[in-house]
Amino acid sequence: MAKDSKTFEASMTRLEEIVSKLDSGAVSLEDALKLFEEGTALVCGCSKLLDEAELKVVKLIEGADGAPVEEEFHDAE
């Protein structure tokens with residue numbers, strides 16, 4: 001499976017595996033760098049997927065009359 005076609009959930013699972021390996025300290029420096037690069041790419045992909053999902057949410061908010069209306073997404077933080 002290509003990295004670009006991974007689902008958000010699969011990417012998060014792989015990120016958890018990478019963090020666990022890096023935290024263990026049982027990988028060589030070369031392997032740690034490869035894992036870090038892979039993790040960075042996965043984070044970018046997840047961020048892109050979340051941005052796309054946010055845009056869909058904005059478009060699907062329902063108005064008072066039942067018709068969809070576009071509203072700005074407000075982050076809870």
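Against which helix do the buried residues of H2 pack? In this predicted model, the buried residues of H2 pack against H1, and the report below follows that arrangement from the overall chain down to individual side chains.

**The chain as a whole**

The chain contains two helices and zero strands, and buried residues make up 17% of its 77 residues. Among the contacts in the chain with a separation of 6 or more, 40% are accounted for by residues 24 or more positions apart. The accessible surface of the chain comes to about 6200 Å², and 57% of that surface belongs to carbon and sulfur atoms.

Helix H2 has 32 residues, which at 1.5 Å a residue should span 46 Å, and its end C-alpha atoms are indeed 46 Å apart, so the expectation and the model agree.

**Where the helices pack**

The residues of H2 that are buried are Ala32, Leu35, Glu38, Gly39, Leu42, Cys46 and Val58. Some of these names return in the largest nonpolar core, which has five residues, namely Leu15, Ile18, Leu35, Leu42 and Cys46. The elements that give two or more residues to this core are helix H1, covering 8-24, and helix H2, covering 29-60, and the largest share, three residues, comes from H2. As a general background, nonpolar side chains in soluble globular proteins tend to be buried together.

Ile18 offers a closer view of this packing: leaving aside residues up to four places away in sequence, Ile18 touches Leu35, Glu38, Gly39 and Leu42. Each of these four partners, Leu35, Glu38, Gly39 and Leu42, is listed with the buried residues of H2.

**Salt bridges**

How many salt bridges does the structure hold? There are three, and they are set out here with their nitrogen-to-oxygen distances.

| Pair | Distance, N to O |
|---|---|
| Glu17 and Arg14 | 3.1 Å |
| Arg14 and Glu38 | 2.8 Å |
| Glu30 and Lys34 | 3.4 Å |

The pair of Arg14 and Glu38 joins the two helices: Arg14 lies in helix H1 and Glu38 in helix H2, so this salt bridge ties together parts that are 24 residues apart in sequence. Both partners are buried, since Arg14 has a relative accessibility of 17% and Glu38 has a relative accessible area of 16%, while the cut-off for a buried residue is under 20%. Glu38 is also one of the residues that Ile18 touches, and in this way a charged pair and a member of the nonpolar core share a neighbourhood through contact.

The pair of Glu17 and Arg14, by contrast, stays inside helix H1, where the two residues are three apart and thus separated by about one helical turn. Glu17 is partly exposed, with a relative accessible area of 39%, whereas Arg14 counts as buried. Arg14, Glu17 and Glu38 are linked in a network of salt bridges.

The remaining pair, Glu30 and Lys34, lies in helix H2, with the two residues four apart, or about one turn of the helix. In general, an α-helix has 3.6 residues a turn, so residues three or four places apart point the same way. Glu30 is exposed, with a relative accessible area of 52%, and Lys34 is partly exposed, at 47%.

**Drawing the parts together**

The picture that results is of H2 with its buried residues packed against H1, a nonpolar core to which both helices give two or more residues, and a salt bridge between Arg14 in H1 and Glu38 in H2.

Notes:
Residues are numbered from 1 along each chain as its sequence is written. This is a predicted model: local features need pLDDT of at least 70, side-chain atom pairs count only at pLDDT 80 or more; totals for chains, interfaces and linings use all residues. Side-chain values use heavy atoms; hydrogens and water are left out. A nonpolar core is a set of buried Ala, Val, Leu, Ile, Met, Phe, Trp, Tyr and Cys residues joined through side-chain atoms within 4.5 Å. Buried means under 20% relative accessible area, exposed over 50%, partly exposed in between (1.4 Å probe, protein chains only). Contact means heavy atoms within 4.5 Å. A salt bridge is a side-chain nitrogen of Lys or Arg within 4 Å of a carboxyl oxygen of Asp or Glu. Accessible areas come from the Shrake-Rupley method with a 1.4 Å probe; for residues, only the protein chains shown count as cover. The expected span of a helix is 1.5 Å times one less than its number of residues.
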